[in-house]
Structures are given as C-alpha cells and as structure tokens.
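Trainee: Got a minute to walk me through this one? I'd like to start with the spaces inside it.
Mentor: Sure, pull it up and ask away.

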Amino acid sequence: MAEDSIAVVDLDRCQPDRCNYECSNFCPPNRTGKECITQRGEDADTGGPDQIQISEEICLGETCGICVEKCPFDAIEIINLPQELGDEPTHRYGENSFALYGLPIPEKGKVTGILGPNGIGKSTAIKALAGEITPNLGNFDEPPGWDAVIDEFGGTELQPFLKGVRDGDIEVARKPQYVDQIPASFDGNTRALLESADERGVVDELAERLSIEPVLDSDIDTLSGGELQRVALAATLARDADFYFLDELTPYLDIDQRVTAARLVRELADDDRAMLVVEHDLAVLDLLADSVHVAYGEPSAYGVITPPKSTRNGINEYLKGYLDNENMRIRPETIEFEEHAPRMSSRSETLVEYPGMSKTYGDGDGGFTLDVEAGEINRNEVLGIVGPNGIGKSTFAKLLAGRLTPDGGELDLSLDIAYKPQYVEVDQHMRVDAFLSSITDDFGTSYWETEIADPLQLGRIMEQNLTDLSGGERQRVAIAATLSRDADLYLLDEPSAHLDVEQRVLAARAIRRYAENHETSVMVIDHDIYTIDLLSDRLLVFDGEPAQHGHASTPLGMRDGMNEFLANLDITFRRDENIGRPRINKPGSQKDKQQKRDGEYYYTQ
C-alpha cells in the first residue's frame, strides 16, 4: 500500500461467523499466494482470532478496494490520506486501527477550542495531553516512549508542555462528556461531591454562580441533566490544576446557563492555567475560545488536528468545509444559514388549535405552575420552543402528548402524537435495526433510507445493540424512531444534545424536510441557537421564574419570537458577515448596546 494510505477494520462490525471471508477470497494479492488479508489468530492483541487483519505493506490500497465492496457488513475501509500529513501519525492504536495526526496546543492564560465531528480523535488527543497514554508515533509494536515523543515535537510550543506531562508536573482536571453517567460512579449528595473536589476553596462561589445552591443537599441520582452538567463543571473548576479539559459544556443547559458557564471558564484561564474545550454549540465556542483547532478526517478511521486558528476563522472555515491554510476540503458542501432576516413563515393550513391551559405541581413555596395561552400549530411547519430550563417546556410537550393532564382547560387534540423525550434512556437489549423495524413497515425501503436513515447517519450502527450506543448514537436512533412513527404531530425534546455540528445540521434538515413533505407538523424544544435557526418557521416562547412559574405565549414569527426570548435573557445575536452564522455579541460591546437600543436582539449584519 502507498505510504499515504491506511486500512481500517471495524472489529465491532467484522462478523466472520456470518460470512464466507469474501474479503480474503477475492483479494488480488491473496489470490497470488500473498498473505494480505488473514485471520488474526489466537495471539492477537485485539479482536477475535477468527476476525481479519489486513497487511498494509501488501494491500494495493484504494486503487483496488475489492475487499471493501465484498464485505457484507461494511467493516473495512481503505483510505487515502492527505499527502500533507507526513509519514507517521502521532498515535495509532494498532494495525488496521484508528490513527491520529497532530495534537492541540494548550496555552496558559488562554481558552483553546477543538472543533470537529465525533469519533475524530479528540478524546485520544486529550488522553495524550493528560498523560493517560504515551503517543507511539505510529509504532504500536515497539512504542518509542516519552523521550522520542518530546524529540518529535522539538522546537514547537508543545514540547515544554509534553515535558511537564512526562515529569508529572502537569495536574489535569477533566469534565466528562456524558454527565448522566456520574450517578453510577458517585453515591452521595451534591455537596459531598463538590467538597471532595474543592482544592481551591471556591465551591460556594461556584455553586452561587451556577445556580446549584438549591440542589447541594440533593442526592446525585435525583438531579436533572442540566443540574448534573452544572455540578460537573463546578467540580472540575474547583480543582487546583494546570490543565483543564472540558468535554461539552452545553448539553441540557439553557442559553443563559451556557453563557454563564462560558464566562466562568474564561475567568479561570490565567497565567498559570490552560483551558481546552470541546464544544459543538458554535455560538458558545465563539464567545468562549481564544483560538480553535479544527479536527477533520474519517470518523473511527483517522483524524487530523490542525494548527490553531483564530476562533472566527476556524469556525467559518469549518462551516464552509474548506481549510484555507491547509488547502483542504473537509466537507463537500457549506453549512448555510438564512442570509438576512429569519425565515419567514408562509401562512398554511392549521393542523390544530390548542386551548389556554395550566398545570400545577406541588403546592406552597415548593410548587410549580405553568400557564399556556391558546395557540395553533400549522401543517408542514416546524414550531421551535425556547425558554430557560425549569420553565415548563417539557411539561407542555407532555401535556400535548397526553402524558400529563392539565389542571385548568380542556385538552382534546384528537391527534396521533409521536414524542421524543429530553433524556434518551435505553434499556432494551436488541439491535438497532430490529428496534427500528419494529416501529415502521417502511424500514429498509428507499424512501426510509433517504429521508431518515441516511441523514441521521444510521448505516454504521444498525447492527449494534441499543445498550452499546454512545449518547450521540442513542440520540440519532431516538430521532429516527420518532419520525418513523405514523403521527400527525411530532414532538422532539432537545434533539441536538450530544450531536456534533454535522450531525445537528443533518438532523435539522431531516426534521425540516419531514415537516415540509408530509401533512404533519413538528415541534422542537432546543437550546442550541444554530439548531433553532436552521429548523424553525415560528417560535413558542416560555418565560417566568424557573422552578416556580412558567408562561407560554401564543406562537410568534421568528424575529418577534427571538427578540422576546433574547430580551428576557439580556443577550443579543448578530450574523457573521461572511457566512451568516449566529454570533453572540459580547455583553456591553458597542454592537450589543446598539441592538438593545434598537430593540433588535436577534440578528443584524
């Protein structure tokens, strides 16, 4: 194989007990007596003895590709690498395994962002920077050790950092990506968790800033996703570390909480601390980061970490799909936003009118009441639902879905409703394809593949068990399951959680296309402004006092709705003049003040 190619075997998909080794039987080198595709054998470090491995020295590369075509389970990839990468990766897990090229550069006093799809090596890079793995420079048979790694990065900004890692002089604090797994590893209340991490004596201040004081005496396993996210952030920032790694700040947080979290992270970055953040909410990343590394490649096959770029240029190049300095196209098309004003909703037939109603939980000081004004939902539209956490958005969805009964007002929609809840819990031990085929007879048809499976990138996980899926994979399956049901109205609660940027855009397009092409309607609750901007025709705005009283107005047009919503939060957005993407104005900036004076909180150029 050419030096700029690699062969990757997905061991989760390689199923020799269900095939006749078509890959090896049809391999041209094998047919000439060479051992290109062979079984791993009993001495294999990874995989089963009957699974295959590919000799990259003998393989003919992409010019052949017969094994890729013949494998019935899509377990093989033969990939031509960009010529600019050089000879060897920074780290490779083994023959036919994932390869990472490059590392991000943590800078003291700075917040550095990493922007890229899931499965592209961001976690591998962080493990290397944290000293959890020693980069093997592609030599997985005889790893060279830290001294060789430091020599490899000689003369770069990474060298002194890696020396500190080798010598044990770098203390690392990490916030996990999936905070819903915290209760499984910690048994106790919030206060005990935070106090165990409080090396800087700042827990009380962080609890106040992040508004988690009401849950300090609550057991960890009773907290909501948003509460767990803020507790995890507080526990991480309370550590006395040199290097802080924050993996996804924003899932389950509302916009105000996201901005608060971003400000806290920026304040902690000083001359002695480096902050490295992986984030898929681009508006927050834009506000948060001083510079951005773009990660690209083929998920689960190889990943490349670029040198740092300015935050604005890095995000814009990523959305355009073309990296200027690298002269590299990383996506076939640009992610586009509306050029000027928000999408104008065309008046269409009303699907249903819902009455004014109310719902109350508890009583006295600990109670919560939601009041909803009467409104209508139109056919072939996506109605976005926005508002702070704890304000009643999910309660409203459950009222419409019939999972709750209103205390005031009569609700009889006479509709078939498909509902995806906020938290996707999986307890069924079955394969993805079996699960989805049990929902719809359309499963496997060209229509279903084109409209649902392909945009949600389900092909490579169809044969996995539901319980083995990552958070993002569970989310995509849940969206597909909801859209696959035969319904008049589809309710999706936080479909963007744990999805990377491409997955959010593809999911948004699939949801919009479904609403436009069917005599149905979709309602989406989400806190990601990019997702709301790409999806919504109109907005339903919730306001009030979180955990006490919520109020939902009648649905509004996008501009009026976003102006009302953002005015409640005292946040303004503008559009980037080059690519049209949403950008948060820095509080108190000239642009922020001018838009507030004009009453235009949502987008001016």
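Trainee: What classes do the residues lining the second largest cavity divide into?
Mentor: That lining has 8 nonpolar, 2 polar and 3 charged residues. Keep in mind that this is a predicted model.

Trainee: What's the volume of the second largest cavity?
Mentor: About 80 Å³. It has 13 lining residues, and the closest to its centre are Val501, Arg504, Val505, Asp528 and Tyr530.

Trainee: Which elements give two or more residues to that lining?
Mentor: Those are α18 (501-517) and α19 (529-535). In terms of domains, at least three lining residues come from each of domain 2 (99-329) and domain 3 (350-556).

Trainee: How many cavities does a search of the whole structure find?
Mentor: It turns up 6 cavities of 30 Å³ or more. The largest has a volume of about 110 Å³.

Trainee: What lines the largest cavity?
Mentor: There are 14 lining residues, and Cys14, Cys19, Cys23, Ile52 and Cys71 lie nearest the centre. By class, the lining is 12 nonpolar, 1 polar and 1 charged.

Trainee: Cysteines, then. How many disulfides does the count come to?
Mentor: The count comes to 0 disulfides.

Trainee: Why is cysteine 19 too far from the closest cysteine sulfur for a bond?
Mentor: Because the closest cysteine sulfur, in cysteine 23, is 6.2 Å from the sulfur of cysteine 19, while a disulfide needs the two sulfur atoms within 2.5 Å. Cysteine 71 is in no disulfide either, since its nearest cysteine sulfur, again that of cysteine 23, is 6.4 Å away.

Trainee: And is cysteine 71 buried or exposed?
Mentor: Buried: its relative accessibility is 12%, and the cut-off for buried is under 20%.

Trainee: Switching topic: how many salt bridges does a search of the whole structure find?
Mentor: The search finds 34 salt bridges. One of them pairs aspartate 533 with arginine 575, at 3.2 Å from N to O.

Trainee: Where do those two sit in the chain?
Mentor: Aspartate 533 is in helix α19 and arginine 575 is in strand β27 (residues 573-575). They are 42 residues apart, so this pair links distant parts of the chain. Helix α19 is also one of the elements we met in the lining of the second largest cavity.

Trainee: Are the two partners buried or exposed?
Mentor: Aspartate 533 is buried, with a relative accessible area of 4%. Arginine 575 counts as buried too, at 1%.

Trainee: What does lysine 309 form a salt bridge with?
Mentor: With glutamate 317, where the closest N and O atoms are 3.1 Å apart. Lysine 309 is buried at 7% relative accessible area, and glutamate 317 is buried at 7% as well.

Trainee: And which residue does arginine 239 form a salt bridge with?
Mentor: Glutamate 199, with 3.3 Å between the closest N and O atoms. The partners are 40 residues apart and link distant parts of the chain. Arginine 239 is in the loop between α10 (225-237) and β9 (243-247), and glutamate 199 is in the loop between α8 (190-197) and α9 (203-209).

Trainee: Are those two buried, exposed or in between?
Mentor: Arginine 239 counts as partly exposed, at 25% relative accessibility. Glutamate 199 is partly exposed as well, at 46%.

Trainee: Which residues are linked in a network of salt bridges?
Mentor: Asp286, Arg312, Asp576, Glu577, Arg581 and Arg583.

Trainee: Back to the loops for a second. Where does isoleucine 212 lie?
Mentor: In the loop between α9 and α10. Isoleucine 212 counts as buried, at 1% relative accessibility. Its C-alpha atom is 9.2 Å from that of alanine 234, and the two are 22 residues apart along the chain.

Trainee: Last one: how many residues of helix α4 are buried?
Mentor: In α4 (residues 122-129), 6 of the 8 residues are buried, so this helix is mostly covered. The buried ones are Lys122, Thr124, Ala125, Ile126, Ala128 and Leu129.

Trainee: And what follows α4?
Mentor: Glycine 131 does, and its phi is positive, near 80°.

Definitions and conventions: Residues numbered from 1 in each chain as written. Predicted model: local features only at pLDDT ≥ 70, side-chain atom pairs only at ≥ 80, totals over all residues. Heavy atoms only, no water. Buried < 20%, exposed > 50% of the residue type's maximum accessible area, 1.4 Å probe, protein only. 1 Å grid on protein atoms, 1.4 Å probe; cavity = no way out; pocket = protein on both sides within 12 Å on 5 of 7 lines; lining within 4 Å. Points joined across faces, edges and corners; volume = space filled by probe spheres on them. Nonpolar A, V, L, I, M, F, W, Y, C, P; charged D, E, K, R; others polar. Helix = DSSP H or I, 4+ residues; strand = E, 2+ residues; numbered from the N terminus. Domains from an automatic or database assignment. Salt bridge = Lys/Arg side-chain N within 4 Å of Asp/Glu carboxyl O.
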